[in-house]
Amino acid sequence: MHTTPRRTFTQLAAAAFAHKPLGANDRVRVGIIGCGGRGRGLWRTFLAQPDIAPVAACDVYEPFLNRAIQMSGGTASGYKDFRALLDRKDIDAVIVAPPDHWHAIQTIEACRAGKDVYVEKPLCRMQREGRAMVEAARKHNRVVQVGSQQRSGAHYHHAVGMIQAGALGAVHHITANWTRNMMPGFRPVSPLPVPGKDLDWDLWLGPAPEVPFDPLRCLYNYRWFWDYSGGQMTNWGAHSLDIARWALGAKAPVSVAAFGGRFAIRDGGETPDIQQAIYRFPECIVSWTGREVNAGKTNLLEFHGTKGNMILTREGFEVTPEVWTGYGQDGKTAAMAALRESGGNLDQLHIRNFLDCIKSRKKPHGDIEEGHLTATMCQLGNIATRVGRVLNWDEAKEEVIGDVEANQWLFQPYRKPWSLT
Ligand SMILES: NC(=O)c1ccc[n+]([C@@H]2O[C@H](COP(=O)([O-])OP(=O)(O)OC[C@H]3O[C@@H](n4cnc5c(N)ncnc54)[C@H](O)[C@@H]3O)[C@@H](O)[C@H]2O)c1
């Protein structure tokens with residue numbers, strides 16, 4: 001493992017300037033925690049920005065750590081333990097891109113250490129973690145950008161603005177879908193990590209229950225295990241339901257019903273391969289369909305308005321006008337004009353927004369409170385699926401009304417010695 005001494009003379013000297021506000025021309029000194037598929041994708045885009053200095057990289061899996069160091073041209077020092085990276089005073093901002101079960105601890109510790117944070121979506125695995133993360137960000141006055149890159153897309157801003165202004169008429173139904181065919185199941189990412197050799201399995205598990213090493217649970221596929229993540233409901237739901245909630249201008253649904261299971265895929269994973277969740281907002285129903293067993297044809301996100309229908313993707317949006325056929329209508333006149341707009345490079349825009357906010361101290365597009373509210377919406381979909389009944393949500397208290405069992409899923413104790421506070 002490539003490492004550098006935890007404290008060098010230069011680092012100590014730099015510590016004196018650690019909390020100086022950054023000017024427009026200053027370089028942001030960045031460290032990355034979690035150098036897997038997504039982490040390295042983000043790292044590449046950060047490295048392409050003219051005003052960053054790649055200072056440190058951290059991963060518990062050595063081959064990925066080494067790749068991130070190489071990408072930085074060797075300027076980033078390598079760490080296995082994120083606490084050693086966070087100890088460094090010459091780091092302004094960190095990217096947090098490990099599996100979901102690590103997001104809360106690492107984001108809170110980074111805020112405490114005075115770093116601004118770009119944390120991947122879903123914000124966290126459990127609802128109570130999200131609230132604690134928001135509190136830490138506010139307490140330590142940190143800029144925290146959640147990796148919901150769609151929030152920085154100009155066409156998403158335009159689409160949401162139009163919907164909120166009533167251009168589609170009243171939107172009473174929003175459908176969000178993620179469908180593909182993964183039959184007969186997922187396979188471990190190869191080459192397989194070797195615990196004790198190139199992977200620290202205990203530090204990969206962290207706050208999650210101790211279990212023997214299983215290659216399917218590890219790289220990328222941790223998504224299909226409840227102890228680390230929440231399946232496609234939190235993986236892709238975090239993107240589409242985030243935009244739905246933003247367009248509605250709502251904090252949370254009033255109630256949630258959901259069903260699902262791992263009906264067809266036989267690979268040892270746990271989260272549903274078929275899942276249907278229905279969210280009730282005061283005057284709108286939002287539905288989520290997750291399906292890994294038949295690709296079919298569905299649109300990622302669709303807004304059904306009285307005047308028009310909008311399909312919204314990362315590539316752009318398309319509005320098809322409605323033609324009213326009801327009483328007194330001729331069935332020929334469009335209720336609005338057809339519209340089409342294309343998208344841009346969302347990662348680049350979102351990372352740029354983060355770096356600009358580090359300097360301006362403004363709230364970023366994917367502010368942590370929004371990330372928390374969206375993660376909660378996804379988590380409620382999974383809790384409703386697991387308990388098998390309708391949940392009524394108290395938005396102010398952030399708890400399920402009158403349901404002790406459901407509320408237990410809002411936080412499950414960490415494995416010692418890890419703790420949330
Ligand atoms: N915004 C997006 O479009 C997008 C796309 C893909 C993934 N993601 C998110 O990015 C995160 C990572 O997903 P991925 O697909 O890259 O998974 P991955 O398994 O490929 O990468 C995760 C990395 O984190 C490392 N890791 C685990 N525990 C660690 C620890 N304690 N300290 C440091 N590193 C640790 C793993 O060894 C691995 O290299 C997830 O939260 C996922 O939801 C976001």
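Student: Which pocket does the ligand take?

Tutor: A pocket is an open set of points on a 1 Å grid over the protein atoms alone, with protein on both sides within 12 Å along at least five of seven lines. A molecule sits in one if more than half of its atoms lie within 2 Å of its grid points. Here, the ligand's space is the largest pocket. The model is predicted, so local features need pLDDT of at least 70, side-chain atom pairs count only at pLDDT 80 or more, and totals for chains, interfaces and linings use all residues. Residues are numbered from 1 along each chain as its sequence is written, and side-chain values use heavy atoms, without hydrogens and water.

Student: Which residues come nearest to the ligand?

Tutor: Near means that a residue has a heavy atom within 4 Å. Of the 30 residues around the ligand, Arg38, Asp59, Asp100, Lys121 and Tyr220 come nearest.

Student: Where does the ligand lie relative to domain 1 and domain 2?

Tutor: Domain bounds come from an automatic or database assignment. Domain 1 (9–149) and domain 2 (152–196 + 220–344 + 368–408) both give shell residues, so the ligand lies between them.

Student: Which polar contacts does the ligand make?

Tutor: A polar contact is a pair of N or O atoms within 3.5 Å. A ligand oxygen is 2.7 Å from a side-chain N or O atom of Asp59. A ligand oxygen is 2.8 Å from a polar backbone atom of Lys121. For the side chain of Arg223, the distance from a ligand oxygen to an N or O atom is 2.9 Å.

Note on methods: Polar contact = N/O pair within 3.5 Å; in protein donor to acceptor, adjacent residues only side chain to side chain. 1 Å grid on protein atoms, 1.4 Å probe; cavity = no way out; pocket = protein on both sides within 12 Å on 5 of 7 lines; lining within 4 Å.
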